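Subject: Structure for you, with notes

Hello,

Here is the structure I promised to pass on. My notes on it follow below.

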Amino acid sequence: MVILSGKGVCGGIAIGKMQFYKKESAAITRYKVDSAEQELKRLELAKEKAAKQLQALYEKALAEVGESGAMIFEAHQMMLEDEDYLDSIKNIISTQKVNAEYAVGVTCDHFVQIFSSMDDDYMKERAADIKDISERLVKAFQEGEGGFVLTEPVILAAEDLAPSETVQMDKSKILSFVTRQGSVNSHTAILARTMNIPAIIGLGQELLMEYDGKLTVVDGYSGQIYIEPDEDILQKLQEKKAKEEVRRALLLELKGKDNVTKSGKRVEVYANIGSAEDIGEVLKNDAGGIGLLRSEFIYLNKNTFPTEEEQFGIYKYIAESMAGKKVIIRTLDIGADKQVEYFNLPKEENPAMGYRAIRICLTQKEIFKTQLRALYRASAYGNIAIMFPMIISVEEVEEIKEIIEEVKGELDVLGIAYNQGLELGVMIETPAAVMISDLLAKEVDFFSIGTNDLTQYTTAVDRQNPKLERFYHPHHPAILRMLQMTVDNAHKNGIWVGICGELAADLSMTETFLKMGVDELSVAPGMVLELRKTIRECD
Ligand code: PEP
Ligand code: MG
């Protein structure tokens with residue numbers, strides 16, 4: 001038996017076979033070929049396939065996000081036909097008699113080096129494009145689309161997992177996530193909690209590939225994993241798992257009960273979700289509504305922009321499933337650790353403070369309008385509210401409202417129904433938003449405090465960096481003062497305020513939040529009943 005320790009980011013016990021996650025982009029190996037002619041033919045076929053994909057992406061983007069968003073695919077098509085690039089690949093194949101993938105890899109490295117060393121910023125950025133088309137070309141050599149497929153429920157082990165990788169997996173086949181690296185506040189950890197899947201991060205390099213296929217027990221509470229466990233450990237953890245199931249069953253008795261303290265103070269308890277798939281957990285745990293749908297996970301789950309129709313279908317389904325309960329949908333909050341290839345976001349020095357979230361939406365208006373149209377259309381089918389991430393100014397809210405008016409106008413012309421009284425809110429997750437919360441409160445119907453980012457930006461501690469975890473304090477007095485200030489400014493202006501960051505689920509803080517006057521707490525679905533229990537025990 002091998003025991004490894006890391007940090008549990010979602011409690012629970014999982015027992016099953018470990019499987020290592022294999023990234024799609026396999027390393028390129030070099031091998032000699034008998035016929036250079038044959039390799040050149042392979043190159044031609046791969047190029048045709050990649051060109052077709054780019055043309056399809058161009059057309060889709062043109063229809064969905066307009067010319068500016070589609071231009072990148074046109075540029076990639078042109079690069080794919082670039083004579084210098086192609087001649088270099090062909091030359092390597094012919095002179096060295098090696099496989100075409102290798103020739104693409106070497107050419108890519110060479111061109112990336114040239115572009116990266118240029119003074120002109122625009123030319124420097126072309127290095128990323130060269131990488132992109134080369135990766136596409138290499139993938140095109142492989143039969144089919146490839147991808148990582150799980151055939152049975154497993155404990156998924158990985159170096160680290162990006163949110164885009166996590167959301168694309170078949171959740172019904174994942175018993176647990178265990179990673180060598182990772183950070184407690186990352187979106188992968190948040191996703192594990194949302195899905196209520198036991199997860200441990202930071203197990204280090206001792207998590208060996210050779211454990212692939214071995215029986216493993218994951219204890220998300222203690223942060224330990226047991227590979228090929230002894231009989232008595234296996235039995236102990238099976239008992240712990242059974243006890244946990246009994247405790248969960250007891251919590252279910254709180255279904256249908258009110259979230260009121262002993263002294264009669266009521267607070268709404270809502271759930272945070274990332275997709276329509278999470279609705280089952282929301283209903284099972286009897287959340288009073290959805291306090292945060294991280295809509296960007298819908299985008300992360302795709303290889304191209306989700307269409308208005310697709311989004312409308314998802315939002316409508318969620319609104320209808322919640323049968324009149326509030327469903328707060330946050331508009332696209334992409335960027336930082338949530339990267340999607342097809343957005344072609346530039347590499348940045350400080351992505352957490354970079355081109356992300358509402359900044360992308362206000363710059364690439366067509367992407368934003370597509371989402372808003374889908375949201376407004378879906379609002380006719382339930383109690384949808386919309387909120388906006390990363391707000392720092394009143395001007396941004398004014399600009400958003402202008403765009404909303406355009407969207408409403410377009411729907412009116414087409415005679416499409418929507419909720420005229422749809423509530424609009426902003427996330428309070430930057431210190432700037434807190435400091436002007438008195439002004440913002442005059443513009444919107446509610447606030448939702450994002451303590452994850454608010455902690456990061458207020459204390460200047462990167463939430464993604466595992467080395468900084470001991471400095472990351474959502475309980476910092478500066479944060480608590482900011483929460484109080486936000487609540488006071490909201491109430492002075494007659495609007496309600498909730499917390500949707502991970503701190504909302506910290507049961508040691510529940511009483512403090514109630515005293516502050518917070519109106520709503522939104523937590524992972526698996527935490528809803530736990531929080532209800534704590535509220536009911538408060539004086
Ligand atoms: C937050 O920042 O607290 C939040 C709820 O949003 P996210 O974790 O998705 O950044
Ligand atoms: Mg945030």
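Is Lys369 buried or exposed? Lys369 counts as buried, because its relative accessibility is 6% and the limit for buried is under 20%. Please keep in mind throughout that this is a predicted model.

Salt bridges

Lys369 forms a salt bridge with Glu410, with 2.6 Å between the closest N and O atoms. Glu410 sits in helix H14 (residues 394-414) and Lys369 in helix H13, so this pair ties together parts that are 41 residues apart in sequence. Glu410 counts as partly exposed, at 27% relative accessibility.

Helix H13 (residues 365-378) also holds Arg373, which is linked to Glu308 in helix H11 (residues 308-321), 65 residues apart. In this salt bridge the closest N and O atoms of Glu308 and Arg373 are 2.7 Å apart. Arg373 is buried, with a relative accessible area of 15%.

Both pairs belong to a network of salt bridges that links Glu308, Glu309, Lys365, Lys369, Arg373, Arg377, Glu406 and Glu410. As a general point, side chains of opposite charge can pair when their charged atoms come close. The structure holds 39 salt bridges.

Another one of them joins the side chains of Arg180 and Glu159, at 2.7 Å from N to O. Here the partners are in loops: Arg180 between strand E5 (174-179) and helix H7 (187-195), and Glu159 between strand E4 (154-158) and helix H6 (163-167). They are 21 residues apart, and the pair links distant parts of the chain. Arg180 is buried, with a relative accessible area of 15%, whereas Glu159 is partly exposed, at 29%.

Helix H7

The helix that comes after the loop of Arg180 is H7. H7 is mostly covered, with nine of its nine residues buried. The buried residues are His187, Thr188, Ala189, Ile190, Leu191, Ala192, Arg193, Thr194 and Met195. Asn196 follows H7 and has a positive phi, near 60°.

The magnesium ion

Which residues coordinate the magnesium ion (ligand 2)? The donors come from Glu429 (OE) and Asp453 (OD), at 2.0 to 2.1 Å. Glu429 is in the loop between strand E13 (424-428) and helix H15 (431-435), and Asp453 is in helix H17 (residues 451-459). The two residues are 24 residues apart, and the pair links distant parts of the chain. Glu429 is buried, with a relative accessible area of 2%, and Asp453 is buried as well, at 4%. Water is not among the atoms, so the site may look incomplete.

Domains

The protein chain is divided into domain 1 (2-23 + 148-250), domain 2 (36-140) and domain 3 (255-537). Domain 1 is thus given as two segments, 2-23 and 148-250. The centres of domain 2 and domain 3, taken over C-alpha atoms, are separated by 39 Å. Their contact takes 10 residues from domain 2 and 11 residues from domain 3.

How much area is buried between domain 2 and domain 3? The figure is about 920 Å², and carbon and sulfur atoms give 56% of it. On the side of domain 2 that touches domain 3, the elements giving two or more residues are helix H1 (36-65), helix H2 (67-80) and helix H5 (121-141). H1 gives the most to that side, with four residues. Zero salt bridges are found across the interface of domain 2 and domain 3. The count of residue pairs in polar contact between domain 2 and domain 3 (both at pLDDT 80 or more) is also zero.

The loop after H14

One last position is Ala417, in the loop between H14 and E13. Ala417 counts as exposed, because its relative accessibility is 52% and the limit for exposed is over 50%. Leaving out residues up to four places away in sequence, Ala417 touches Tyr376, Arg377 and Ala380. Of these, Arg377 is also listed in the network of salt bridges described above. The C-alpha atoms of Ala417 and Ser379 are separated by 8.5 Å, and the two residues are 38 residues apart along the chain.

Regards

How values were computed
Residues numbered from 1 in each chain as written. Chains lettered and ligands numbered in written order. Predicted model: local features only at pLDDT ≥ 70, side-chain atom pairs only at ≥ 80, totals over all residues. Heavy atoms only, no water. Salt bridge = Lys/Arg side-chain N within 4 Å of Asp/Glu carboxyl O. Buried < 20%, exposed > 50% of the residue type's maximum accessible area, 1.4 Å probe, protein only. Donors = N, O, S within 2.8 Å, 3.2 Å for Na, K, Ca; no water. Domains from an automatic or database assignment. Contact = heavy atoms within 4.5 Å. Buried area = accessible area lost by both parts, 1.4 Å probe. Polar contact = N/O pair within 3.5 Å; in protein donor to acceptor, adjacent residues only side chain to side chain.
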